[in-house]
Amino acid sequence: MIRIVVNGAGGKMGREVVKAVAADPELELAGAVDPSHKGEDAGILAGTERNGVTVGGSLQTVLEETHPQVVVDFTSPSVIFDNAAAVMEKGLSMVIGTTGLTEKQRTLLQEISSRTGANALIAPNFSLGAVLMMEAAEKISAYLPNAEIIELHHNHKYDAPSGTSRLTAEKMGAARKQEPCEDRTAESIPGARGAVVEGIRIHSVRLPGYVAHQEVLFGGEGEILTIRHDSLDRKSFMPGVVLACKKVLTVPGVTYGLENYL
Ligand code: NAP
């Protein structure tokens with residue numbers, strides 16, 4: 001049994017992780033953290049039966065009391081680096097779903113990993129379909145270099161553009177064999193053409209009702225190719241999270257992207 005602490009256990013993703021960990025015979029929910037739900041039962045908070053794991057208000061305290069092997073983090077971009085650094089300094093491994101870590105911060109976590117032996121998987125998207133969508137976008141980009149991304153999420157998402165769209169654009173930029181056409185459109189309102197990552201425009205939609213969706217549009221001579229992925233339920237992320245919890249202890253260092261674990 002791999003002992004897991006869920007950080008952000010009261011959040012939309014955290015509650016699903018609590019249920020997924022409890023349902024897997026190889027994983028044990030050792031602890032749960034979420035300051036605004038301190039003292040509540042993690043099972044009841046997740047919408048299932050009482051599981052006897054009381055949500056703690058401090059990650060540090062819960063780690064000292066529960067001695068986990070892996071911490072799963074779905075909190076907020078504003079706290080993820082400090083959380084991950086503190087956990088990995090203790091030699092504990094991390095499965096990081098929280099988006100927002102910069103390349104520099106990932107490098108700093110790799111340095112901690114090299115010193116302490118803690119491993120980490122940082123995955124902007126844990127859904128298998130989204131990983132396959134990124135792989136397809138990377139392949140197509142080699143032949144159709146002109147592309148834009150539209151990502152659509154619920155209106156409570158903390159950051160824009162999404163981590164998935166950034167990673168998709170990075171992969172597409174690296175796979176491109178030709179430069180895209182020059183963009184000659186002048187913005188009459190700043191931001192009208194979206195953010196730019198690796199020369200690829202990313203447009204972020206935030207509306208109630210959406211979960212996590214992404215379209216990649218490729219334009220060629222007289223043809224358009226569109227690929228789209230829709231996460232309709234947060235359950236779609238759980239097989240990837242469970243896989244990562246089992247694998248992170250055996251894959252050394254800091255890994256970026258679930259595709260490296262498949
Ligand atoms: P959410 O519903 O707001 O949940 C975040 C939870 O973390 C909240 O309960 C929040 O409490 C809590 N929290 C904040 N700071 C904390 C801290 N320092 N220690 C412990 N808990 C803390 O957000 P969500 O939709 O679950 O998303 C969480 C993160 O996962 C976001 O970065 C999102 O983009 C990302 N995400 C990733 C994937 C993926 O596949 N990788 C999928 C979906 C979402 P308060 O409400 O009191 O602040």
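Visitor: How many salt bridges does the count come to here?
Guide: Keep in mind that this is a predicted model. A pair counts when a side-chain nitrogen of Lys or Arg sits within 4 Å of a carboxyl oxygen of Asp or Glu. By that rule, the salt bridges come to 15.

Visitor: Which residue meets K19 in a salt bridge, N to O at 3.4 Å?
Guide: Look in helix α1, three residues away from K19, which is about one helical turn. K19 itself is partly exposed at 29% relative accessible area, while its partner is buried at 14%. The side chain that meets K19 is that of E16.

Visitor: How many residues apart are K246 and D24?
Guide: Their side chains meet in a salt bridge, 3.0 Å from N to O. K246 belongs to helix α8, whereas D24 is in the loop between α1 and β2, so the pair links distant parts of the chain. Along the sequence, the separation is 222 residues.

Visitor: Of K246 and D24, which is buried and which is partly exposed?
Guide: Buried means under 20% relative accessible area. K246 comes out at 27%, so call it partly exposed. At 13%, the buried one is D24.

Visitor: What is the relative accessibility of R228, the salt-bridge partner of D230?
Guide: The closest N and O atoms of D230 and R228 are 2.8 Å apart. D230 counts as partly exposed at 31%. R228 counts as partly exposed too, with a relative accessibility of 40%.

Visitor: Which residues are linked in a network of salt bridges?
Guide: Two acidic and two basic side chains are involved here. The network links E148, D183, R193 and R201.

Visitor: Where does the largest nonpolar core lie relative to domain 1 and domain 2?
Guide: This core has 36 residues, and I4, V17, V72, V95, F126 and V241 touch the most other members. Elements giving two or more residues to it include β1, α1 and α8. Domain 1 (2–122 + 235–261) and domain 2 (128–231) both contribute, so the core lies between them.

Visitor: Which residues does V241 touch, leaving out those up to four places away in sequence?
Guide: V241 is one of the core members that touch the most others. Contact here means heavy atoms within 4.5 Å. With those sequence neighbours left out, V241 touches V17, V72, F74 and F126.

Visitor: How many residues are in the other core, the one with V5 and V62?
Guide: That core lies apart from the largest one. Its members include V5, V62, L63 and A84. The number of residues is 21.

Key: Residues numbered from 1 in each chain as written. Predicted model: local features only at pLDDT ≥ 70, side-chain atom pairs only at ≥ 80, totals over all residues. Heavy atoms only, no water. Core = buried A, V, L, I, M, F, W, Y, C linked by side-chain atoms within 4.5 Å. Buried < 20%, exposed > 50% of the residue type's maximum accessible area, 1.4 Å probe, protein only. Helix = DSSP H or I, 4+ residues; strand = E, 2+ residues; numbered from the N terminus. Domains from an automatic or database assignment.
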